[in-house]
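Subject: Structure handover

Hi,

Here is the structure for you to look over. My notes follow below it.

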Amino acid sequence: MFIAAKLLAFLTQPLAWVALLMLAAVLYVGQRPRWSRRLGWTAITLLLLIGWEPLPDALLRRLETHYPALPGNADLKAYAGIVVLGGALESAYVWTHHGQSALNEAAERMTEVLPLLRRQSGLRVLFTGGEGELFGDGLSEAARAGQFFASQGIPPRQLLYESASRTTFENALLGKTVPGVNPAQPWLLMTSAWHMPRAIATFSKTGWNVTPCPVDFRTGQQTPWTQYSMDKGARKWKLALHEWLGLLAYRISGKA
């Protein structure tokens, strides 16, 4: 499943489609010039369309509206803790030399833990995440998370770590094996809003008693029609396609 996810990550990159179309156009230029021109114009049209953000935002919004953000006045006393899914930390090689925490675009998965702990200091934090790189051999994501939480002053007694999982299904399955974790108790599940439908379905399927606590929202109620960025558009398309296909794969395989 992990290797399949990495392959899926490549196939869901629209810029890769543009590159393949351009390559095909070059290969056909001598043999079938008409087809070459069509492929070239298709690549250019697709490249320009990728940057129009309302389209990928519509796909992401469908995912993000499944579960609302946790209300600011929510009573947290009944919860045993917060399960935090990996995915918010830069690769291990970035952490090696600078001596600072390095968070990526999903940083809220880490930072939004802190306000909850200030509201309910007795909550425990279970971070679940191993090495996300295909050939990675550096610090696991759990080890990097440990450095971040320590820098924020969270007492070690409140922190639990699972460092072998590489997929959402493994997060749920291996997280239950951490000493001191009782999945039958109520837990908050913290991950990106666009990832929450698959995460909740997977954790519930594996026997967890979890309440969604989505963070890292990428869309608002609507996106202005004038919003255009090739860079942001490409990243949003990749995110939306990867998550929708991942959710479909999990449902087909019985993991969600």
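Arg 144 touches Leu 89, Glu 90, Ser 91, Ala 92, Trp 95, Gly 130, Glu 131 and Leu 139, leaving aside residues up to four places away in sequence. Bear in mind that this is a predicted model. Arg 144 sits in helix H8, which spans residues 141-151. Its relative accessible area is 3%. That is under the 20% cut-off, so Arg 144 counts as buried.

Arg 144 has company in H8. The buried residues of this helix also include Glu 141, Ala 142, Ala 145, Gly 146, Phe 148 and Phe 149. What do they pack against? Three helices are on the list: H5 (92-98), H6 (108-111) and H7 (113-119). Strands E2 (124-128) and E3 (159-162) are on it too. Just after H8, Gly 153 takes a positive phi of about 80°.

Now the H5 side. Trp 95 lies in helix H5. Trp 95 is buried, with a relative accessible area of 5%. Its contacts in H8 include Arg 144, Gln 147 and Phe 148. Elsewhere, Trp 95 touches Leu 89, Glu 90, Gln 100, Ser 101 and Ala 102, again not counting residues up to four places away in sequence. Trp 95 and Gln 147 are 52 residues apart along the chain, yet their C-alpha atoms are separated by 9.9 Å. There is a polar detail as well: the Trp 95 side chain reaches the backbone oxygen of Glu 90 at 3.2 Å.

Next, the strands. Is E2 enclosed or open? Four of its five residues are buried, so E2 is largely enclosed by the rest of the structure. E2 pairs with E1 (residues 81-85) through five bridges, and the two run parallel. In that pairing, Val 83 stands opposite Leu 126 of E2. E2 is also joined to E3, by four bridges, and this pair runs parallel too. Here Phe 127 stands opposite Tyr 161 of E3.

Last, the surface. A nonpolar patch of about 680 Å² is made by Leu 15, Trp 41, Ile 44, Leu 47, Leu 48, Tyr 228 and Met 230. Which helix gives the most to the nonpolar patch? Helix H3 (residues 33-50) does, with four residues. Leu 47 lies in H3. At 30% relative accessibility, Leu 47 counts as partly exposed.

Best wishes

Notes:
Residues numbered from 1 in each chain as written. Predicted model: local features only at pLDDT ≥ 70, side-chain atom pairs only at ≥ 80, totals over all residues. Heavy atoms only, no water. Buried < 20%, exposed > 50% of the residue type's maximum accessible area, 1.4 Å probe, protein only. Contact = heavy atoms within 4.5 Å. Polar contact = N/O pair within 3.5 Å; in protein donor to acceptor, adjacent residues only side chain to side chain. Patch = residues over 30% accessible without salt bridge, like charges linked within 9 Å, V, L, I, M, F, W, Y side chains within 5 Å. Areas by Shrake-Rupley, 256 points an atom, 1.4 Å probe, with all protein chains shown as cover. Salt bridge = Lys/Arg side-chain N within 4 Å of Asp/Glu carboxyl O. Pairing = 2+ DSSP bridges.
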